[in-house]
Amino acid sequence: MSAGGFMPDAAVIAGIRKDIEAYEAARKAASRAMLWRVPLYLGLLVALVIVLAMVLNFGADPFELWFSTLHLYLYLAGFVAAFAVYVLATNAGSNLQASLRAKLLPTAFGFVQDLKLRKAETPQSFARLPPEALGDHDGCQFDDVISGSYDGFAFELYEAALWRRSGRADVELFDGVIVAFDMNKPFAGVLVATVKTTAVMGFFREMFAGLEQVQSGSDNIDAAYDFRTDNVAAALPMVSGQMAQTLDWLNKVWPGAPARIAINGRDGFLLLPDKRDFFELPADTVAVDYKTHVEPMIADIATMLATASLVRKIGS
């Protein structure tokens, strides 16, 4: 699906480029300042430790000069402080990058109304996501959480990783982007389309109690997906029609692992496995470029939301 129609106009792009230029100037200045700030801060800390060690020598046993118990505690504290000082001296670039990101994304995502950006928070919609779509997980982590409205519907989009502890190892159940939205027409129950993967299906089967399996009638889709629902009569026409067609199309256009779909009453969910960090700028040691770093973000979120817009029409 092309995201060309979502790209900012020339005036907006010019503003974004201007913000990037200002960031680059500040980033380079911070980098130059770090060249003297790190040795200065660490040098002052070393000098302070030496002075304090000399003071401790006045009360130390002659055989323990520089190496008494108090000296050793001082050196340990100095080592810990050196790490803190280094972080303090080098964090200016990271702060600048976070500031640029907070300024750029609302402008770049101008086609999203009421845009809100959050970080590492549990999304509100996650509690309504049918557990059958994710498997029996006992650990989860969230990164970027983006919410707003697009094409007349509200959404919540978030990067999520979920896993299940098995013995001494963690089994990954999902790592990618989840888009939550209101269905155009509510479904009377729960309907999930999960991927048939032998590595994790054991964790999914535990969740399927009370849900019946249905099939789409397409050999390719039924070989790849497991459809489960608590309302077979309502689910059958959806699974064999729009849902199967949407999943078939997604498998052809989505570059990551096969997508999943979950519906819980009015709530719809599109799960897009992909380990990429979609909405982060490069490290503060790398120059930011609009074409390389910002434009792909716009194309990615536009594609995700346009796909969600199609999914929410299943059954209507």
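**Exercise 1.** Which residues form one aromatic cluster together with Phe109? Then work out how the rings of Phe109 and Phe279 are arranged.

*Solution.* In this predicted model, Phe109, Trp254, Phe278 and Phe279 form one aromatic cluster. The structure holds nine aromatic pairs. For the rings of Phe109 and Phe279, the centres lie 6.0 Å apart and the planes stand at 80 degrees; planes over 60 degrees apart count as edge-to-face, so this pair is edge-to-face. As a next step, place the two residues in the chain: Phe109 sits in the loop between helix H3 and strand E1, while Phe279 sits in the loop between E9 and helix H7, 170 residues apart. Finally, consider accessibility, where buried means under 20% relative accessible area: Phe109 has 0% and is therefore buried, and Phe279, at 0%, counts as buried too.

**Exercise 2.** Find the strands that pair with E9, and decide whether the two faces of E9 are covered or open.

*Solution.* Begin with the pairing: strand E4 (residues 169–182) joins E9 in the antiparallel sense over seven bridges, and Phe269 is the bridge partner of Ala180. Strand E8 (residues 260–264) also pairs with E9 in the antiparallel sense, over five bridges, with Asp267 as the bridge partner of Asn264. Between E8 and E9 there are two residues, which makes a hairpin, and Gly265 in its turn has a positive phi of about 70 degrees.

Now turn to the faces. In a regular strand the side chains alternate between the two faces of the sheet. On one side of E9 are Asp267, Phe269, Leu271 and Pro273, on the other Gly268, Leu270 and Leu272, and all are buried, so both faces are covered.

Key
Residues are numbered from 1 along each chain as its sequence is written. Side-chain values use heavy atoms; hydrogens and water are left out. Buried means under 20% relative accessible area, exposed over 50%, partly exposed in between (1.4 Å probe, protein chains only). Helices (H or I, at least four residues) and strands (E, at least two) are DSSP runs, numbered from the N terminus. Two strands pair if DSSP finds at least two bridges between them. Rings of Phe, Tyr and Trp (its six-membered ring) pair if their centres lie within 6.5 Å; planes under 30 degrees apart count as stacked, over 60 as edge-to-face and the rest as tilted.
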